[in-house]
Amino acid sequence: MRGGGEGAAIFSVVVNVLVGLVTSLIGGGFVWLWERGKRARVLRRKADFFGLVPGETCFIVIGNKHNARGVATHKEIRAMIEVATLAGQLGCDVATESSDDFRGSNDDRTEFCIGGPLGEANLRAGGHLAAHLPGVSILPYGQGPESVAFVVGGRRYLFRKNEVEYALVAKFTPPQATRPVVLVCGQSSLANQAAIHFLKRNHRQVADALDSVDRFCVLIKVADIGTYGFQGASLERDMTGAAFTAS
C-alpha cells in the first residue's frame, strides 16, 4: 500500500508539472498572439493614416533647393528617407518622380509630395495647393517678418528660421485618382523632415484629433530647433476646415 501511495504522489507531482508547463505554453502563446495582433493593428492604423496599401507602390515627388533646380538639400534627402523607411515598414515599394518633370494624376499610387512651391522648389506642390487647398496661402520670400508665412483661416504663421518653423501636411484624393496625395509643405527642408518624423511616431494621437483620416490638413510646429533640431515638432492645429475652404 505504501508503494502505491508513493506512486500516486509521484504521479500527482508529474501531472502538476505537466499542467504547469502546458499552462505556461498556452499563456505564452496567447501573449505572443496578442502582441502580434497588437503590432498588426498598429501597422494597419499607420497604413490607413498615410494612405498606404501593403504590397503596392507609392512614389515620392522630389523637389529642389530654393531657386536651384536640380539640387536637393541634405535635409530634403533626409525627409525622403523618412518616407521611404515608412513605406518599407508597411510593405510598400517606393518610386521617385521629379517635381520639374512629372505631370498628371497619381492614379492608383499613393503620392508623397514633399516641399513648398516658393522659388520653384516644388512646382507640383503649388499645383496641389491651388487645386485642392484654396484656403491656404504662402506669402512670398522677402526681408520682412512675414516672409514665407503661412496664411490659413485669416491667421498668419511666421517663419523664424532655426527658431520656430511650420509645415502643413495635407491628405486628399484627387477626383481622377484612387489613391491619396500626402502633401508635406514646410517653410524649410528641416520643417519637412520634422513633420514626417513626427507623424510617423505620433500618427495615432493625430488621427484621434481628426474627424477623418481620409482627408485632413494639419499644421506641425517645430520649436526649440537650436536644441532639438527636427525632433522638436508638435501638432499645432487641425486646419482641415479652413484649408479646404476658399477664403
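# A guided tour of the predicted model

Begin by selecting Arg-45 and Asp-208: the two form a salt bridge, with their closest N and O atoms 3.2 Å apart. Arg-45 belongs to helix 1 (residues 2–50) and Asp-208 to helix 4 (residues 189–208), so this pair ties together parts that are 163 residues apart in sequence. Colouring by accessibility shows Arg-45 as partly exposed, at 33% relative accessibility, whereas Asp-208 is exposed, with a relative accessible area of 59%. Please bear in mind throughout that the structure is a predicted model.

**Further salt bridges**

Next, select Lys-200 and Glu-82, which form a salt bridge whose closest N and O atoms are 3.0 Å apart. This pair links distant parts of the chain, since Lys-200 sits in helix 4 and Glu-82 in helix 2, 118 residues apart. Are these two residues buried or exposed? Both Lys-200 and Glu-82 are buried.

Then move to Glu-56 and Arg-179, whose side chains meet in a salt bridge (3.0 Å, N to O). Here too distant parts of the chain are linked: Glu-56 is in the loop between helix 1 and strand 1, Arg-179 is in the loop between strand 7 and strand 8, and their positions lie 123 residues apart in the sense that they are 123 residues apart. Glu-56 counts as partly exposed, at 28% relative accessibility. The count of salt bridges in the model comes to seven.

**The sheet**

Now display the strands as a cartoon. An open sheet of seven strands appears, in the order 2-1-3-8-7-9-10 and with mixed pairing. Which strands form its edges? They are strand 2 (93–98) and strand 10 (233–238), each of which pairs on one side only. From one strand to the next, the twist averages 20°.

Within the sheet, select strand 7 (residues 165–172) together with strand 8 (residues 181–186). These two pair in the antiparallel sense over six bridges. To follow the pairing at the level of residues, select Ala-170 in the model, which stands opposite Leu-183 in strand 8. In general, the strands of a sheet pair through backbone hydrogen bonds, either parallel or antiparallel.

**Helices 2 and 3**

Select helix 2 (residues 74–89) next. Helix 2 lies across strand 1 (57–62), strand 2 and strand 3 (111–114), and runs at about 165° to strand 3.

Continue to helix 3 (residues 123–132), where the buried residues are Arg-124, Ala-125, His-128 and Leu-129. Why do they fall on the same side of helix 3? They cover an arc of only 140° around the axis, which puts them on that one side. Rotate to the other side of helix 3 to find Ala-130 and Ala-131, which are exposed. The elements covering the buried residues of helix 3 include strand 1, strand 3, strand 4 (136–138), strand 7 and strand 8.

At the start of helix 3, show the side chain of Asn-122: one of its oxygens reaches to within 3.1 Å of the backbone nitrogen of Arg-124.

**The whole chain**

Finally, clear the selection and view the chain in full. It has six helices and 10 strands. Of its 247 residues, 42% count as buried. Among contacts in the chain with a separation of 6 or more, 67% are between residues 24 or more positions apart.

Notes: Residues numbered from 1 in each chain as written. Predicted model: local features only at pLDDT ≥ 70, side-chain atom pairs only at ≥ 80, totals over all residues. Heavy atoms only, no water. Pairing = 2+ DSSP bridges. Helix = DSSP H or I, 4+ residues; strand = E, 2+ residues; numbered from the N terminus. Axes fitted to C-alpha atoms, helices over the stretch in contact; angles between N-to-C directions. Contact = heavy atoms within 4.5 Å. Buried < 20%, exposed > 50% of the residue type's maximum accessible area, 1.4 Å probe, protein only. Arc of directions from axis to C-beta. Polar contact = N/O pair within 3.5 Å; in protein donor to acceptor, adjacent residues only side chain to side chain. Salt bridge = Lys/Arg side-chain N within 4 Å of Asp/Glu carboxyl O.
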